[in-house]
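Biologist: Could you take me through this model, beginning with its charged pairs and then moving on to the rest?

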Amino acid sequence: MERIAILVSTSPLRKTTTRLGVTKQRLNLEACIELGRKFDLVILGSLTADEVYQYIEHHLPREIRPKFRLYSRSYFHRFGADAILRTNNDPRNAAWQQILSENGVAFDVLLSRVGSDKRGHQQKFRWDAMSAFVTDPRVTLVTGAEGQLLYDTPEAAV
């Protein structure tokens, strides 16, 4: 079965180095290689600048580059309020729905749950709560901070 990693931030792929008193953030190539070895498809999308994504794409080793699908700031900016029918202010929700669809990832657009008041409540897809919406058992959500990759199975896929 195909394994898919989803990252909603570039943070796990960065590392900070200090050289001669100057601190810079750099691409953590080891983390990229680890993802490329563990997964068949790596989906990375965030509001990080297009230049950062171009840098990542340019520096990925040739053998793992085809596994990466990169969605930068300009991709997300195409999803304005009009594209999501003025029902949601965050264009990342519509963009992530499109990304998941393009890559064949199963997810729910609307969740229905019984609240503490014993009434039914519906919640629309939110990119920042993706674990509750992604139902695809092939998916692993990857988070973490600099120098570490944390793997989590979406709660909706269990």
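Biologist: How far apart are the closest N and O atoms in the salt bridge of Arg138 with Asp136?
Modeller: They are 2.7 Å apart. A salt bridge here is a side-chain nitrogen of Lys or Arg within 4 Å of a carboxyl oxygen of Asp or Glu. Please note that this is a predicted model, in which local features need pLDDT of at least 70 and side-chain atom pairs count only at pLDDT 80 or more, while totals for chains, interfaces and linings use all residues. Residues are numbered from 1 along each chain as its sequence is written, and side-chain values use heavy atoms, with hydrogens and water left out.

Biologist: Is Asp136 buried or exposed?
Modeller: Asp136 counts as buried, at 5% relative accessibility. Buried means under 20% relative accessible area, exposed over 50%, and partly exposed in between, with a 1.4 Å probe and protein chains only.

Biologist: Which residues are joined with Asp136 into one network?
Modeller: Glu2 and Arg138 are joined with Asp136, through salt bridges that share partners.

Biologist: How many salt bridges does the structure hold?
Modeller: The structure holds 7. One of them links Lys15 with Glu30, where the closest N and O atoms are 3.6 Å apart. Lys15 lies in strand E2 (residues 14-19) and Glu30 in helix H1, so this pair ties together parts that are 15 residues apart in sequence. Helices (H or I, at least four residues) and strands (E, at least two) are DSSP runs, numbered from the N terminus. Lys15 itself is partly exposed, at 29% relative accessibility.

Biologist: Which residue pairs with Lys38?
Modeller: Glu34 does, with the closest N and O atoms 3.9 Å apart. The two residues are 4 apart in helix H1, and therefore separated by about one helical turn. Both ends are partly exposed: Lys38 has 37% relative accessibility, and Glu34 has a relative accessible area of 34%.

Biologist: And charge overall: how many positive and negative side chains are there?
Modeller: There are 22 positive and 18 negative side chains, and the centres of the two sets lie 3 Å apart. Lys and Arg count as positive and Asp and Glu as negative, without His and the chain ends. Each charge is placed at NZ of Lys, CZ of Arg, CG of Asp or CD of Glu.

Biologist: Turning to the interior, which residues have the most contacts inside the largest nonpolar core?
Modeller: They are Ile6, Ile43, Trp96, Leu100, Phe125 and Met130, in a core of 25 residues. Such a core is a set of buried Ala, Val, Leu, Ile, Met, Phe, Trp, Tyr and Cys residues joined through side-chain atoms within 4.5 Å. Elements giving two or more residues to this core include strand E1 (4-7), strand E4 (41-45) and helix H4 (91-102). The largest share, 5 residues, comes from H4.

Biologist: What does Leu100 touch?
Modeller: Leaving out residues up to four places away in sequence, Leu100 touches Ile6, Val105, Phe107, Phe125, Met130 and Val134. Contact means heavy atoms within 4.5 Å. There is also a second, separate core of 17 residues, among them Cys32, Ile64, Phe68 and Leu149.

Biologist: Now the loops. Where is Asn28?
Modeller: Asn28 sits in the loop between strand E3 (22-27) and helix H1 (29-38). Asn28 is buried, with a relative accessible area of 9%. Beyond residues up to four places away in sequence, Asn28 touches Leu13, Arg14, Lys15 and Gly147.

Biologist: What is the phi of Leu20?
Modeller: It is near 55 degrees, a positive value in a residue other than glycine. Most residues other than glycine have a negative phi. Leu20 is found in the loop between E2 and E3, and is exposed, with a relative accessible area of 84%.

Biologist: Finally, how many helices and strands does the protein have?
Modeller: It has 5 helices and 9 strands. Along the sequence they follow the pattern β-β-β-α-β-α-β-α-α-β-β-α-β-β. Buried residues make up 39% of the 158 residues, and the C-alpha trace spans about 60 × 35 × 30 Å along its principal axes.
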